[in-house]
Amino acid sequence: MISYLKGTVADITKGSNRFILTLEVNQIGYEIQILPRVSGQLPPSGEIAQIFTHQQVKEDQIVLYGFGSATERDLFRLLTSVSGVGAQLAIALLDTLGLPDLVQAIVGGNTRILAKTPGVGTKTAERLALELKSKLSQWRQQEGLTTSVAAGVPAAIQEEVEMVLLAMGYTGAEVLQALQTLSQDSNLAKKSNADDWIKEAITYLSR
């Protein structure tokens with residue numbers, strides 16, 4: 001399994017609604033299918049880039065999928081573990097919604113948001129919300145985020161905020177520190193919308 005590749009950007013092409021990055025690593029050019037949004041984040045040709053990869057082996061071909069972060073790649077793997085969700089649909093979900101909104105929609109069971117992605121019907125959206133919430137909870141537990149932070153943070157909000165921040169690449173320790181600090185904000189404690197907590201946590205962690 002190839003975890004990531006670091007090399008020189010040789011070319012980026014678009015064909016059949018798919019973006020293909022050619023990355024030269026030790027004089028070998030790897031063709032990697034990437035998210036459209038990732039193509040806009042890459043440096044110009046001739047410069048160095050690091051891409052996190054997932055290798056898919058089929059009967060007639062081997063495909064490398066590329067992502068901007070390990071977290072994005074890991075969520076791609078979770079998405080494709082759901083019945084009826086293939087690689088292209090997983091890529092469409094990640095590209096249409098982005099990591100934070102996608103995780104929040106799954107955790108909150110917001111099938112309407114999930115169904116905004118082309119190719120995702122109501123039944124698929126329901127399966128995504130049902131099957132992945134438990135898997136994302138395991139992800140949260142692996143980071144050691146299993147206890148209540150403080151009385152100022154509602155349990156349901158805490159879980160959602162933690163999952164979204166983890167999906168954005170923050171560590172369990174960073175998430176815990178942010179929530180412990182925000183729990184002391186009496187004005188924020190009155191708000192029951194997870195979006196407000198997420199925005200404040202991101203602001204705090206970006207300082």
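Okay, a quick bit of vocabulary before we start: when I sort residues by class, Ala, Val, Leu, Ile, Met, Phe, Trp, Tyr, Cys and Pro count as nonpolar, Asp, Glu, Lys and Arg as charged, and the others, Gly among them, as polar. Also, keep in mind that this is a predicted model.

So, with those classes in hand, let's look at the second largest pocket. Its lining divides into five nonpolar, five polar and two charged residues. There's about 160 Å³ of space in there. If you want to click through the lining, you'll need Ser-16, Asn-17, Arg-18, Phe-19, Gln-33, Ile-34, Pro-36, Gln-88, Ile-91, Ala-92, Asp-95 and Thr-96. Strands S2 and S3 and helix H3, which is 87-107, each give two or more residues to that lining. Which element gives the most? That's H3, with five residues.

Now the largest pocket. Here we have about 210 Å³ of space. Its lining is Arg-18, Ile-20, Glu-31, Ile-32, Gln-33, Lys-58, Gln-61, Ile-62, Val-63, Leu-64, Tyr-65 and Gln-88. You'll hear some familiar names: Arg-18, Gln-33 and Gln-88 line the largest pocket, and they turn up in the lining of the second largest pocket too. At least two lining residues of the largest pocket come from each of strand S2 (18-25), strand S3 (28-34) and strand S5 (62-67). S5 has the largest share, four residues. By class, that lining has six nonpolar, three polar and three charged residues.

Okay, back to H3, and to how it packs. Helix H2, residues 70-80, packs with H3 at an angle of about 110 degrees, and their axes are 10 Å apart. Angles of 65 to 115 degrees count as roughly perpendicular, so that's what we call H2 and H3. The crossing is right-handed. On the H2 side, the contact uses Thr-71, Glu-72, Leu-75, Phe-76, Leu-79 and Thr-80. On the H3 side, you'll find Ala-87, Ala-90, Ile-91, Leu-93, Leu-94, Leu-99, Leu-102, Val-103 and Ile-106. What classes of residue does the contact of H2 with H3 have? It has twelve nonpolar, two polar and one charged. And notice Ile-91: this H3 residue is in the contact with H2, and it also lines the second largest pocket.

Last stop, further along the chain. Helix H7 (residues 172-182) and helix H9 (residues 194-205) pack at about 110 degrees, with their axes 10 Å apart. That makes H7 roughly perpendicular to H9. This crossing is right-handed as well. From H7 we have Glu-174, Gln-177, Ala-178, Leu-179, Thr-181 and Leu-182, and they meet Trp-197, Glu-200, Ala-201, Tyr-204 and Leu-205 in H9. Sorted by class, that's seven nonpolar, two polar and two charged residues.

That's my tour, thanks.

Key:
Residues numbered from 1 in each chain as written. Predicted model: local features only at pLDDT ≥ 70, side-chain atom pairs only at ≥ 80, totals over all residues. Heavy atoms only, no water. Axes fitted to C-alpha atoms, helices over the stretch in contact; angles between N-to-C directions. Parallel < 35°, antiparallel > 145°, perpendicular 65-115°, else oblique. Left-handed = near helix turned anticlockwise from the far one by under 90°. Contact = heavy atoms within 4.5 Å. 1 Å grid on protein atoms, 1.4 Å probe; cavity = no way out; pocket = protein on both sides within 12 Å on 5 of 7 lines; lining within 4 Å. Points joined across faces, edges and corners; volume = space filled by probe spheres on them.
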